[in-house]
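Here are some notes for a colleague coming to this structure without background. They are set out as numbered points and can be read beside the model.

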Amino acid sequence: MKVVGISGSLREKSYNTIVLRLILKRFEGLGVEANMLPISTFPLYNPDERIVAKAIVDDANRQIANAHLVIFTLPEYNHSISGPLKNAIDWLSEPYMSSVFKDKPIALIGVAPSPVGSARAIAHMKTIMGSLLARLYNRRDLVVGEIHNKVDEEGQVKDAAFQEMLEVYVRELKDWLRINS
Ligand SMILES: Cc1cc2nc3c(=O)[nH]c(=O)nc-3n(C[C@H](O)[C@H](O)[C@H](O)COP(=O)(O)O)c2cc1C
């Protein structure tokens with residue numbers, strides 16, 4: 001089983017990237033191959049630049065096609081997903097109605113210092129992924145608010161309830177994948 005993780009933040013000390021690493025590490029602990037797919041390499045979307053972007057887009061498409069699950073961690077900017085993430089998704093959204101996300105199991109995690117934890121970004125992402133016909137893990141969106149109280153900047157979890165939440169989330173998600181694949 002293979003999992004690909006995509007963080008919507010380019011920030012070096014991004015909380016979303018920290019939480020994604022924690023999740024992927026737990027998948028690895030369950031014997032699942034887990035890799036992060038960076039979005040910083042995608043140029044600004046321009047259909048005229050398809051040839052320039054081809055190697056980056058082909059590689060990302062190959063990684064996602066080979067994955068049984070794509071996990072997104074979503075920073076919230078102005079009540080939506082980040083511009084860099086939308087940019088990468090736009091590159092990966094072709095061919096129309098049969099992109100790499102069609103029927104792909106995906107899970108959404110929203111991480112933010114605010115108490116509402118990127119919930120609105122998750123809602124927007126559901127619309128975007130719905131348009132690409134992805135298969136959403138709807139049992140539980142992991143909405144993580146007040147993240148600065150739960151992990152430190154080095155990625156150490158400092159909250160026992162959050163630690164437990166991560167373990168349960170990964171176990172349940174893996175069960176869902178097993179039942180649905
Ligand atoms: C321009 C801008 C807009 C933001 N808008 C929101 C928002 O709408 N909702 C929210 O919860 N946090 C918002 N934030 C705070 C981000 O959630 C916070 O910076 C977060 O740490 C970014 O994610 P990262 O740590 O993964 O980089 C905003 C931050 C910036 C700089």
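**Notes on the fold, core and loops**

1. The buried residues of α1 pack against β1, β2 (33-36), β3, β4, β6 and α5. Those buried residues are Y15, N16, T17, I18, V19, L20, I23, L24 and F27. This is a predicted model, and the points below should be read with that in mind.

2. The length of α1 raises no concern. Its 15 residues should span 21 Å at 1.5 Å a residue, and the C-alpha atoms at its ends are 21 Å apart, so the two values agree. Just after α1, G31 has a positive phi of about 85 degrees.

3. For orientation, the protein chain contains five helices and six strands. Starting at the N terminus, the order of the elements is β-α-β-α-β-α-β-α-β-β-α.

4. On overall dimensions, the C-alpha trace spans about 50 × 35 × 25 Å along its principal axes. A compact globule of 181 residues would have a radius of gyration near 16 Å, and the protein chain has 16 Å, which agrees. Buried residues make up 34% of the 181 residues. Among contacts with a separation of 6 or more, 77% are between residues 24 or more positions apart.

5. Which residues touch the most other members of the largest nonpolar core? They are I71, F72 and I109, in a core of 43 residues. At least two residues of this core come from each of β1 (2-7), α1 (15-29), β3 (69-74), α3, β4, α4, β6 (142-144) and α5 (160-180). The most is given by α1, with seven residues.

6. The contacts of I109 are worth listing. Setting aside neighbours within four places in sequence, I109 is in contact with V19, I71, F72, T73, L74, L142 and V144. Two of these partners, I71 and F72, are named above with I109 as touching the most other core members. Another partner, V19, is one of the buried residues of α1.

7. Around the ligand there are 16 residues, of which S9, S14, N16, P75 and S114 come nearest. By class, this shell has seven nonpolar, seven polar and two charged residues. N16 also appears among the buried residues of α1.

8. The loop between α3 (83-91) and β4 (105-111) holds K102, and L92 is found there too. P95 has its place in this loop as well. A cis peptide bond joins E94 and P95, with omega about 0 degrees.

9. L92 counts as partly exposed because it has 19 C-beta neighbours inside 10 Å, where 20 would make it buried. Apart from neighbours within four places in sequence, L92 is in contact with V57, A60, N61, I64, S99, V100 and F101. The C-alpha atoms of L92 and L132 are separated by 9.8 Å, although these residues are 40 residues apart along the chain.

10. Is K102 buried or exposed? K102 is exposed, because 12 other C-beta atoms lie within 10 Å and the limit for that class is 12 or fewer. Not counting residues up to four places away in sequence, K102 touches L132 and L133. The C-alpha atoms of K102 and Q163, 61 residues apart along the chain, are separated by 32 Å.

11. Helix α4 (residues 119-131) has 13 residues and reaches 19 Å from its first C-alpha to its last, close to the 18 Å expected at 1.5 Å a residue. Just after α4, L133 takes a positive phi of about 65 degrees. L133 is also one of the residues that K102 touches.

12. Two further residues other than glycine deserve a check of their backbone angles. H79 has a positive phi near 65 degrees, and its place is in the loop between β3 and α3. S118 likewise has a positive phi near 65 degrees, with its place in the loop between β4 and α4.

13. How many C-beta neighbours inside 10 Å does S118 have? There are 33, so S118 counts as buried. H79, by contrast, has 12 C-beta neighbours inside 10 Å and therefore counts as exposed.

Note on methods: Residues are numbered from 1 along each chain as its sequence is written. This is a predicted model: local features need pLDDT of at least 70, side-chain atom pairs count only at pLDDT 80 or more; totals for chains, interfaces and linings use all residues. Helices (H or I, at least four residues) and strands (E, at least two) are DSSP runs, numbered from the N terminus. The expected span of a helix is 1.5 Å times one less than its number of residues. The radius of gyration is taken over C-alpha atoms; the globule rule is 2.2 Å times the number of residues to the power 0.38. Two residues are in contact if their C-beta atoms, placed from the backbone, lie within 7 Å. A residue is near a molecule or strand if its C-beta atom, placed from the backbone, lies within 6 Å of it. Ala, Val, Leu, Ile, Met, Phe, Trp, Tyr, Cys and Pro count as nonpolar, Asp, Glu, Lys and Arg as charged, and the others, Gly among them, as polar. A nonpolar core is a set of buried Ala, Val, Leu, Ile, Met, Phe, Trp, Tyr and Cys residues joined through C-beta atoms within 7 Å.
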